[in-house]
Amino acid sequence: MKKVFIKKTLVFSLLLLFAMAGQAQSAETSAKQSKTPHKTKGNPITPTYKRADAPIDTRISDLLSRMTLEEKILQLSQYITGLNDNVNNIGKQEDEYPNNVGSYIYFSDNAKLRNELQRRAVNETRLGIPILFGFDVIHGFRTIYPIPLAQGCSWNTELISQSCAMSAREARMSGTDWTFSPMIDVARDGRWGRVAEGYGEDPYTNAVMGAAAVHGYQGRSLNNTSNVAACLKHFVGYGMSEGGRDYTATNVSRQSLWDTYLPPYEMCIKAGAATVMSAFNDINGVPATANHYTLTEVLKKRWNFDGFVVSDWNAVEQLIPQGVAANRKEAASKAFSAGLDMDMKDGCYQEHMSDLVKEGKITLQQIDASVARILRLKFQLGLFENPYTPSYKESERILRTEDKRIAARMAEESIVLLKNENNLLPLNKNQKIAVIGPMAKDKENMLGSWKGHGRAGDVESIYEGLEKEFGSQLLYAAGCDFDGEDTSGFASACSTASQADVVLLCLGEKREWSGENASRSTIALPHIQEQLTTELQKCGKPIVLVLSNGRPLELCRLEPLCKAIVELWQPGIAGGTPLAGILSGRINPSGKLCITFPLTSGQIPIYYNARQSARPDQGQYQDISTLPLYEFTHGLSYTTYSYGNLSASTMRITKNDKLTVEIPVTNTGDMDGYETVHWFISDPYCSISRPIKELKKFEKRFLKKGETALFSFEIEPKRDFSYINDNGSRFIESGDYYVIVKDKRIKIEVVD
Ligand code: NOJ
């Protein structure tokens, strides 16, 4: 560590010497180059780049024309700070990196340190370029919302936008300008810990929900004290991690890249996402960090992305263990030449870029193009005019009533009722409820992975939520821990269960069991939790299983033991009351899975939109069912919905026509509720084989009991029936297509 630090300090000193030597000359050059000096009161000449009224492109080129190479290279570099913002340590932290570094990952939960570092950048450097502060605001900054996988199950894009907007507000008011979110990696392997961070297995779902998140974070303008820049990650194919093991190489055919992994990115770039983070994985032999095809050809050239790409943590240096760079210098050269603009954390760019330019391996034009992208965001965020974060009272900045209300709403809508035999739920107000299990009174693990600045103390536990709803009806026993072999709590759990009418068994995963570097070989819960369930079942009391976890689980042994199963996910700070509301029937559950629950881990990968099989009736597993336990979009309600027939405005159209397909849905039960209608299409015969069905639209609506609503889908064949080839070209063929809702389908013929 120390050695690295000394090395870095030395390099910085050298760079600074260079910079100082270059300054006189470059200041002179810049004075010559400065095109339109502008006189303002008290400041005789305001350089163009400092003029808020000048167009951003003009400001960028003016600033670039004044910068030394070293100053430019620093803009391409990101380091970390704020791990400890104790006042006594601030000075130490400030001195670690040069004042004019491009960006920091900022770990503090308030703006004190940021403002001091910013003051140095703005006042004590030659050009006063403000620093960009980023942080992983994944599902909340201090107010922690349900994990993104849970949010996906809400199918409520407006609510996703709102929770991102609330998170952005807390973050920006606390000194963060940029979040490394949303993660829109299509993820179909529950063993991969990072499934928690995205919106599940489907490209369209990730695309639409990712775009909703981008809108929430960025709002209408980045130049606003409530908005932050978004970062799409991890570009691309990271969800394919082999065996669910993080950081491994991925084999993604060009076809799958285009039809499955790239579409969410394309949609979110169109939604205006400011930045992109490259992935850790090696894609078919070329690491994403140094992948010219994905970073430059696709992202920057085809999609005209004008934001910038940041590497993942130390990922430039990791090109060495990935086997494509001999040393840090070659790593810097390869990543930068591929189109990676900003180097996160490892310092390879800062150390070697200058030499690479001298050696002609990288051109000044390339450097300028990348720096321009980074400066653009700084201008867009208004950092040149408003570099500092104003100081706010904590009560107006974090954990406001409004934030918590949205967090609770999101928890409410993301809870999925997986099973409800004989309508055991909702529970009735006279029943004695034995609340058992390691999750029941837990707080820390409810936060989930990437908890931002969330604190266990902010969390309402399951038990606290239940107490408000059921009061003296509750009995409690822990039963066992999350893992280990200690069965000493079983006896008291069983005696508690026998005094009750129903057992509410709260099981789940610790928060660090999912997220980054949290792969598991099996997605079953630890044996001790299954053992406890088996013991409790012997008491003969019906079990309602409540699960809090960051991935789909293998429930094949637990499911037969439980009469009802409620998937709470990791709900963040406000899950207790929504869960209690669902258990009591005050709230009608409306969540539906955005990821398949396999029957066993051995079925992985299993997802709804697999390609068609050569022998659909064969190739089944011989030892277990080939069907998942709970499929994509599964989720029960306390009411019933009856779906009428699909009807289409026309059954035969040309490729340029539009048609509308409709379906009436009636709430036929006794309770008002939200229902989500998922619209799929199927193209059974095409020049490229396609998935069995593909989600193309979803819509969630409130239906009063007895009410019928007409759901409709306006289809544009070129958008909704078309497909994409392995070169990224969209095409549409004539022939038969099916529009599918639940078990209903209607055939549409597309003619030339
Ligand atoms: C590594 C993770 O892969 C990425 O998602 C995160 O944004 C960065 N570290 C920064 O913390």
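**Putting names to the test**

Trainee: What classes of residue make up the shell around the ligand?

Mentor: The shell has 6 nonpolar, 1 polar and 5 charged residues. Ala, Val, Leu, Ile, Met, Phe, Trp, Tyr, Cys and Pro count as nonpolar, Asp, Glu, Lys and Arg as charged, and the others, Gly among them, as polar. The model is predicted: local features need pLDDT of at least 70, side-chain atom pairs count only at pLDDT 80 or more, and totals for chains, interfaces and linings use all residues. Residues are numbered from 1 along each chain as its sequence is written, and side-chain values use heavy atoms, with hydrogens and water left out.

Trainee: Which residues are around the ligand, and what puts them there?

Mentor: They are Asp-136, Phe-180, Arg-194, Lys-233, His-234, Met-277, Phe-280, Asp-312, Trp-313, Met-344, Trp-450 and Glu-516. The test is a heavy atom within 4 Å of the ligand.

Trainee: How do you know how Asp-136 meets the ligand?

Mentor: A side-chain N or O atom of Asp-136 is 2.4 Å from an oxygen atom of the ligand. A polar contact is a pair of N or O atoms within 3.5 Å (within protein, one must be able to donate a hydrogen and the other to accept it, and residues adjacent in sequence count only if both atoms are side-chain atoms), so this pair passes. For Asp-312 the distance is 2.5 Å. For Arg-194 it is 2.6 Å. The protein buries 96% of the 300 Å² that the ligand exposes when taken alone; areas come from the Shrake-Rupley method with a 1.4 Å probe, and for residues only the protein chains shown count as cover.

Trainee: What makes you class Leu-132 as buried or exposed?

Mentor: Its relative accessible area is 0%. Buried means under 20%, exposed over 50%, and partly exposed in between (1.4 Å probe, protein chains only). Leu-132 is therefore buried. Leu-132 sits in strand 5 (residues 132-135); helices (H or I, at least four residues) and strands (E, at least two) are DSSP runs, numbered from the N terminus.

Trainee: And how do you know whether His-678 is buried or exposed?

Mentor: Its value is 6%, so His-678 counts as buried. His-678 lies in strand 23 (residues 673-682). Beyond four places in sequence, its contacts (heavy atoms within 4.5 Å) include Trp-155, Lys-592 and Thr-633.

Trainee: What decides the label for Thr-633, buried or exposed?

Mentor: Its 17% makes Thr-633 buried. Thr-633 also has a positive phi, near 80°, without being a glycine.

Trainee: Which label does Asn-517 get, buried or exposed, and why?

Mentor: Exposed, because its relative accessible area is 57%. Its phi is positive too, about 55°, and Asn-517 is not a glycine.

Trainee: What makes the description of helix 20 fit, in terms of cover?

Mentor: Helix 20 (residues 576-584) is mostly covered, with 8 of its 9 residues buried. Leu-583 is one of the buried residues.

Trainee: Where does Leu-583 stand in the largest nonpolar core?

Mentor: That core has 190 residues, and Leu-583 is among the four members that touch the most others, with Ile-436, Leu-536 and Val-544. A second core lies apart from it, with 24 residues, including Tyr-641 and Val-750. A nonpolar core is a set of buried Ala, Val, Leu, Ile, Met, Phe, Trp, Tyr and Cys residues joined through side-chain atoms within 4.5 Å.

Trainee: What is omega for the bond between Leu-425 and Pro-426, and what is the bond called?

Mentor: Omega is about -5°, and the bond is cis.
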